[in-house]
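Me: I'd like a close look at just one part of this protein: its largest pocket. Could you walk me through what is there, and how far to trust the model around it?

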Amino acid sequence: TKVILLFIGYNLSWMVVWGMPMGVLFSTLMAFGNLSANFEIAIFKASGASLIKMMIPIMISGLLLSYCLFVFNDIVLPRSNHKAKTLMSDIKRTRPTFALISGQFSSELNGLTILSRKVDSISGLMRNVTIYDYSKAGAYNIITSDSGRVAFNKDYTKIIMHLFNGEIHQIPSKGLKNYRIVDFKEYQISMEASGYNFSQSGDDPMSRGQRELSIAELSASRDEYLNNSKVNTKNIDKLLNKISQNFKYSIKRDDGILVAGKMQQSFTEVKSKFKDSLNAYMNILRQLDFESSGLNSEAYVENQLILKAKEFEVEIQKKYSIPFSCFIFVLIGCPLGIKTKGGNFGLSAAISLGFYVIYWGCLIGGEKLADRGLMSPIMSMWLADMILGTIGLLLILKVNNETFSFTGFFLNIFKIKKEI
């Protein structure tokens, strides 16, 4: 129970990061919707207060929340992600079926390659099982069965695999004379359970992924890839200079051979020199082909290094842009809450979900484009904030000047469609 609670606790961190911006938008919509429904907004305006003045305390709170979420995103989230991944790996060792994935080959059970078309990791049941056993010297077995079950014995020293209704294909390594097929209704495989007892792994920083690193660690990794890219660029420049010099030298030398050949009085000697020159040119082409393959290899390595550096840059920018979205959603929630009137729970939830989908769609799409090198990492991670921030500022101006209404908005859309 303690381990399960730990695992849930570690995974709550990313839920906080994903849920905080939506919570800010929803709460802002509800708060200003209630103020508008109780005519308190009208009272504020009658006393000379504008919408922007009313929003100042909320905007300050949004900035504070953004800062707190940034600190959480940079310090707590990477450690929690790493702890959750490590704990999940430890849990997998305690249940053999956690190492099996439906429809995929797995070789984590004592070296056996196992394919199960359907796996229930809770009960240990498997369907349509195929096992490749290479453990016996001089032969190997292919075992197929309709169903099976994996479990520990009573003292957890053995892993017992029960298979039902299948065949064993015994294939010798030399020749097929002794090839045998054995049918069975029930077959049992017993394996050592060493390594499957639960124990929490240590904190190995080398095993951390990108989402398990802080900004400082991400920056260090990014700079390392960029430095390697610069070294690789120098290697490419040296290789290009080498190719250029070799080509110029070969051309100059071969032209001399050809001219010397033309100056020979004997036609046979000229023909012989021409053949020598032709062979020399063919050697040049072969050398260029060889050098170009090395050049292509270096160029590919450099491209991969740059893309990897961009991936780290994307993660860095994400740690800034997601927390800042709390402030952006304050700008959207305040004016929209006033116009919705009543602070209706369902309407506020629907509006929050709509903007949230737009935000995360832009964020995830931008991340994919940036990882492929099709968009700048900064632009890809801040595009959603810029779009929604612009919408928020326009809404504030419209609502403050009382020139915005949902009815007019939908009528304009209808007119546009009608004209089309």
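Reply: Sure, let's start with the space itself. The largest pocket holds about 500 Å³. Keep in mind that you're looking at a predicted model.

So who sits around that space? The lining is made up of 20 residues, and those nearest the pocket's centre are W14, W18, N81, R211 and K318. If you want to find the walls on screen, look for helix 1 (2-37), helix 3 (51-94), helix 5 (267-340) and helix 6 (345-371), the elements that each give two or more residues to the lining. In character, the lining is a mix: nine of its residues are nonpolar, eight are charged and three are polar.

Now for trust. Across the chain, pLDDT averages 75, and 70% of the residues score at least 70. One stretch to treat with care is residues 249-268, where pLDDT is below 50, although the model does give this stretch 17 contacts beyond near neighbours in sequence. Away from those walls, confidence peaks in helix 7 (residues 377-400) with a mean of 89, and it is lowest in helix 8 (residues 406-419), with a mean of 47. Residues 416-420 stay under 50 as well, and the model shows zero contacts for them beyond four places in sequence.

While you're looking around, here are two cysteines to compare. C334 counts as buried because its relative accessibility is 0%, under the 20% cut-off. C362 has a relative accessible area of 24%, so it counts as partly exposed. As for disulfides, the count is zero.

How values were computed
Residues numbered from 1 in each chain as written. Predicted model: local features only at pLDDT ≥ 70, side-chain atom pairs only at ≥ 80, totals over all residues. Heavy atoms only, no water. pLDDT = per-residue confidence, 0-100. Helix = DSSP H or I, 4+ residues; strand = E, 2+ residues; numbered from the N terminus. Contact = heavy atoms within 4.5 Å. 1 Å grid on protein atoms, 1.4 Å probe; cavity = no way out; pocket = protein on both sides within 12 Å on 5 of 7 lines; lining within 4 Å. Points joined across faces, edges and corners; volume = space filled by probe spheres on them. Nonpolar A, V, L, I, M, F, W, Y, C, P; charged D, E, K, R; others polar. Disulfide = S-S within 2.5 Å. Buried < 20%, exposed > 50% of the residue type's maximum accessible area, 1.4 Å probe, protein only.
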